[in-house]
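Here's a quick walk through this one, going from a single helix out to the whole chain and then to its partners. Have a look at the structure first.

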Protein chains: 2
Amino acid sequence: MIQSIDRAAKILSSLQGARHLGITDLAAILELPPSTVHGLVKSLQEHGLVAKEPGTTRYMLGPALLKLSNVYLDTLDVRARAMRWTAELARRTGCATRLGVALFDEVIVIHHNRRPDGSEQMPEIGVTIPAHATALGKVLLAYDPNVADPLIAGELRSLTGATTTDPADLAVQLAQVVERGAAHDEDEAVLGESSIAAPIADRSGQVVAAISVVMPTSEYPPGDTVLNDLREAARNISRELGAPSWPPAVAPRRADD
Amino acid sequence: MIQSIDRAAKILSSLQGARHLGITDLAAILELPPSTVHGLVKSLQEHGLVAKEPGTTRYMLGPALLKLSNVYLDTLDVRARAMRWTAELARRTGCATRLGVALFDEVIVIHHNRRPDGSEQMPEIGVTIPAHATALGKVLLAYDPNVADPLIAGELRSLTGATTTDPADLAVQLAQVVERGAAHDEDEAVLGESSIAAPIADRSGQVVAAISVVMPTSEYPPGDTVLNDLREAARNISRELGAPSWPPAVAPRRADD
DNA sequence: AACTGCTTTCGACATTATCGAATAATGGCC
DNA sequence: GGCCATTATTCGATAATGTCGAAAGCAGTT
């Protein structure tokens, strides 16, 4: 790990949490001398990754990140391939659908279809949720023990009263996910919102994303037709990506990565 | 400029252009030994800024960028304040509206309102356009000579047959923008698409963003009411941000930044 | 108007990233 | 399906590089 890149990433991460920070604030967070931080920040600024907020002496995240993330989304063929199917799934089920990928122990939403009746409008692309608190995340965890193992060994943060916070409980749930090829959550991330999710694999057979159907908890649990539509969509997308089988296999444990 | 951060940013930028690249490709682009590039890439990967595309040995941009950019958008108070007004402007004019900020010699779209009649649907947030080829960009250039000067001294890329490519011509246009408090472009970025734009200033009086009305070239030039609605929106947003006057003043030339 | 806190600059030092060579892994080809 | 060429990755010595303390420049405040 290159030290200055590690520090630069920590700076971005800090600005992500606090929005606006001065050099001194950052120096305190990273436990480094201000002059060191200044050099790092200025370098990031020259590439547009951070920006000085006009009028003040504080810094914030920069516009180059937006450009990069836009390209990132275009780069994902899962997303391009899945869009047809998530739209179809939203139509058939009458629910909002999401597509998510893993970002360490979180899920990040890379595509979103509104509920066809148009009830909620919030754009959710880019939103991140702790993986253990959502159906999307449980799918991704279930198929990647390299991420799940450390989580199960530690503490699980609670988002609502219903969040799974017992590591042993989570482990059981993850095993069930692999068995059934689907995960579920009821009010675990947002009160009043529940969802079910299924894995999407690519040519190499690895799980690269998850697809979910989101519904008001009042409509939970959904009927078998919804579950079947979901699994069908996941299977179709996986097939288009060249996956050899579905449901996919759990990824092997690696020493480190 | 810290060398390793500079190199890391160049790697991100390369992946932005080429989508998928192996270590050797990157090494060739940066003109560095593969082992050096490998260390940089691996460090970026550990922070999710770069990801190994599953199944291959190549790398692509990582999901952390999406999370960061999402926060970036939330961080911009211009955006939050302007959203009401761009929606209102779209309604009044019957045209699509955009909000853009500067990213070096480009404009990046940070907010977008569809045409009320719902004709086009493409999400444009995060799209970047060379500044000299669009009304939004001309506004930003006109009020920031530090960016405009080097552009006027160099070559201007042509996007359509109508793009302003003569630096002297651009200089004249920019002077007019400051005079009139508005910029325009006719087919310069996309054929069949024209727009007019106005500057948005903040508390410090600096121009921090530009707002534009986009219309089919068949409807260009727009009537005075559209221009007035645009200027009114720009003035209102600037006032909400605490700008002391409108139209704003041109930023001073700095030695370097 | 003077102060206090912050940001920013500068240069010597030693930590740190770099790079070449060797090894391991991959993918393509017959 | 097995071989070979290409590519990714590891490792350790070298010196180039980033780091950090002290001091100067700026703002905002009392």
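## Helix H5 and its surroundings

Let's start with helix H5 of chain A, in what is a predicted model. H5(A) covers residues 77-93, and its 17 residues run 24 Å from first C-alpha to last, close to the 24 Å expected at 1.5 Å a residue. That doesn't rule out a bend: H5(A) has a kink of about 40 degrees, centred on Met83(A). Right after H5(A) comes Gly94(A), with a positive phi of about 75 degrees.

Which residues of H5(A) are buried? They are Val78(A), Ala82(A), Trp85(A), Thr86(A), Leu89(A), Ala90(A) and Thr93(A). The cover over these buried residues includes four strands and a helix of chain A, listed here:

| Element of chain A | Residues |
|---|---|
| Strand E3 | 96-103 |
| Strand E4 | 106-113 |
| Strand E7 | 193-201 |
| Strand E8 | 207-216 |
| Helix H9 | 224-240 |

## Chain A as a whole

Zooming out, chain A is built from nine helices and eight strands. Its C-alpha trace spans about 60 × 40 × 40 Å along the principal axes. The radius of gyration is 20 Å, which agrees with the value near 18 Å for a compact globule of 257 residues. As for burial, 45% of the 257 residues of chain A count as buried. Take the contacts in chain A between residues at least 6 apart in sequence, and 57% of them join residues at least 24 apart.

## Where chain B meets chain A

Now for the partner chain. Here 46 residues of chain B are in contact with 46 residues of chain A. On the chain B side, helix H1 (3-18), helix H3 (34-46), strand E2 (59-61), helix H4 (64-75) and strand E3 (96-103) each put in at least two residues. H4(B) gives the most, with eleven residues. By class, this side of chain B has 26 nonpolar, 14 polar and six charged residues.

## Around DNA strand D

What surrounds DNA strand D? There are 19 residues, and the closest are Ser35(A), Thr36(A), Gln3(B), Gly22(B) and Thr24(B). Two or more residues each come from helix H1 (3-18) and helix H3 (34-46) of chain A, and from H1, helix H2 (23-30) and H3 of chain B. H3(A) has the largest share of this surface, four residues. The surface near DNA strand D divides into six nonpolar, twelve polar and one charged residues.

Notes. Residues numbered from 1 in each chain as written. Chains lettered and ligands numbered in written order. Predicted model: local features only at pLDDT ≥ 70, side-chain atom pairs only at ≥ 80, totals over all residues. Contact = placed C-beta atoms within 7 Å. Nonpolar A, V, L, I, M, F, W, Y, C, P; charged D, E, K, R; others polar. Rg over C-alpha atoms; globule rule 2.2 N^0.38 Å. Buried ≥ 20, exposed ≤ 12 C-beta atoms within 10 Å, placed from the backbone. Near = placed C-beta within 6 Å. Expected span 1.5 Å × (residues − 1). Bend = angle between axes of the 7 residues up to and from the residue.
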